[in-house]
Amino acid sequence: MTDSDGDPRDDAADAGGEDHGGEGDHADGDGTGGEPNREEFHEDPVGHTRATAGMTVSELVDGYGDAGIGAASVNEAGDVLADMFANDDCTVFLSLAGAMVPAGMRRVVADLIRDGYVDALVTTGANLTHDAIEAIGGKHHHGRTHDPEKSLREHDEGLRDEGVDRIYNVYLPQEHFAEFEGHLREEVFPALEADPDADGTDAVSIADLTRELGRANAEVNDRDDVPEGPGVAAAAYESDVPIYCPAVQDSVLGLQAWMYAQTADFTLDALADMTELTDLAFEADDAGCLLVGGGVPKNFTLQTMLVTPRAYDYAVQITMDPEATGGLSGATLEEARSWGKLEKDARNASVYGDATVMLPMLVAAARDRVE
């Protein structure tokens, strides 16, 4: 007979079988044959996660707390994120890298902002570009990474001929970028054109650019009755949440800003946001960050604490990169603690996996606990 888990080994032990271990097996350090001195070990048996019909995401993440390896990390991250969201005195910074908007994470982020869970967003110009494209009526489409009847190169050469850009397994017709350029030139840039002082030094901060982009996205979305929601930048504009984009030049948004500046009285000040961002961190009673991916947004979010007398009290990281890559995206939060970016007693957790899978799961679980 076996136990309920079907393992006959337990019954063999219960049947009175002799201990065949050699002399000294499991002996402690002094060779007396007693229990070993276990300073690190604490009895905490691993349980077994349930997965049943009708379970909520929150119940699944709670159940991961019984398991080990990655499941345990997801459970811990859910706990930290819920505590961060529940702390009314915590200023929350969301760092968003990667192709999150094209991949379908736009509503998750916009809802977090609209519902008051985010106080500042640090992201890429690419995410803001794709967010605006959807706000004014464009759509990303399901695609594929390859055609089984063509080589990988032939597949993408074919897309090039058809005027379709590929983002992993997502397709975007190129005409949407032309529509985005028109949106910027007609609805966004003119309102930001500098009125220089006598010395001609007046310039626009990147946060002012993203704020104006959010306003324009919301207005056009409403005016043209676009079926898709107005998105991330619009939610930030309407919720008075600043968006910082420290590498805006590395995007179609930045490229279009540069092109517009060639013939208009318009320029961006890359350093202007630093005071506003630092003040936000300085004035925080508690501070927390949710880091989705790595790159410039991650470091820009973390380094803010280097010029304040404090550090982050909470930090959750979602990444695909291991520490062995030597890059910032794989740098651990423990390493950040050595720099003074996290408090020594900060609660932090890292989840290694696809952010398009992990972000909605963690957000849903955390929001369920808070709400």
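**View 1. The low-confidence stretch of the predicted model, residues 6–28.** In this predicted model, pLDDT (the predictor's confidence in each residue, from 0 to 100) stays under 50 over residues 6–28, for which there are 17 contacts beyond four places in sequence, a contact being heavy atoms within 4.5 Å. For the protein chain, the mean pLDDT is 89, and 89% of the residues reach 70 or more. Local features need pLDDT of at least 70 and side-chain atom pairs count only at pLDDT 80 or more, whereas totals for chains, interfaces and linings use all residues. Residues are numbered from 1 along each chain as its sequence is written, and side-chain values use heavy atoms, with hydrogens and water left out.

**View 2. The open sheet of six strands, with parallel pairing.** The strand order is 7-2-1-9-10-11; strand 7 (243–244) and strand 11 stand at the edges, each with a single partner strand, so one side of each has no neighbour in the sheet. Helices (H or I, at least four residues) and strands (E, at least two) are DSSP runs, numbered from the N terminus, and two strands pair if DSSP finds at least two bridges between them. Helix 11 (residues 273–282) packs on this sheet, touching strand 1 (90–96), strand 2 (120–123) and strand 7, and its direction makes about 135° with that of strand 1. Axes are lines fitted to C-alpha atoms, for helices over the stretch in contact, with angles from 0 to 180 degrees between N-to-C directions.

**View 3. Strand 10 and strand 11, paired in the parallel sense.** Seven bridges join strand 10 (residues 312–319) to strand 11 (residues 342–352), and tyrosine 312 has leucine 342 of strand 11 as its bridge partner. The chain passes from strand 10 through helix 13 (residues 333–339) to strand 11 in a right-handed β-α-β crossover; right-handed means that, with the strands pointing away from the viewer, the path from the first strand over the helix to the second runs clockwise.

**View 4. The open sheet of three strands, with antiparallel pairing.** The order is 3-5-4, and the edge strands, strand 3 (141–142) and strand 4 (164–167), each pair on one side only. Strand 4 pairs with strand 5 (residues 170–173) over four bridges, and the partner of arginine 166 in strand 5 is tyrosine 171.

**View 5. Cysteine 90 and cysteine 289.** The whole structure has zero disulfides, a disulfide being a pair of cysteine sulfur atoms within 2.5 Å. The sulfur of cysteine 90 is 9.1 Å from that of cysteine 289, the closest cysteine sulfur, which is too far for a bond.
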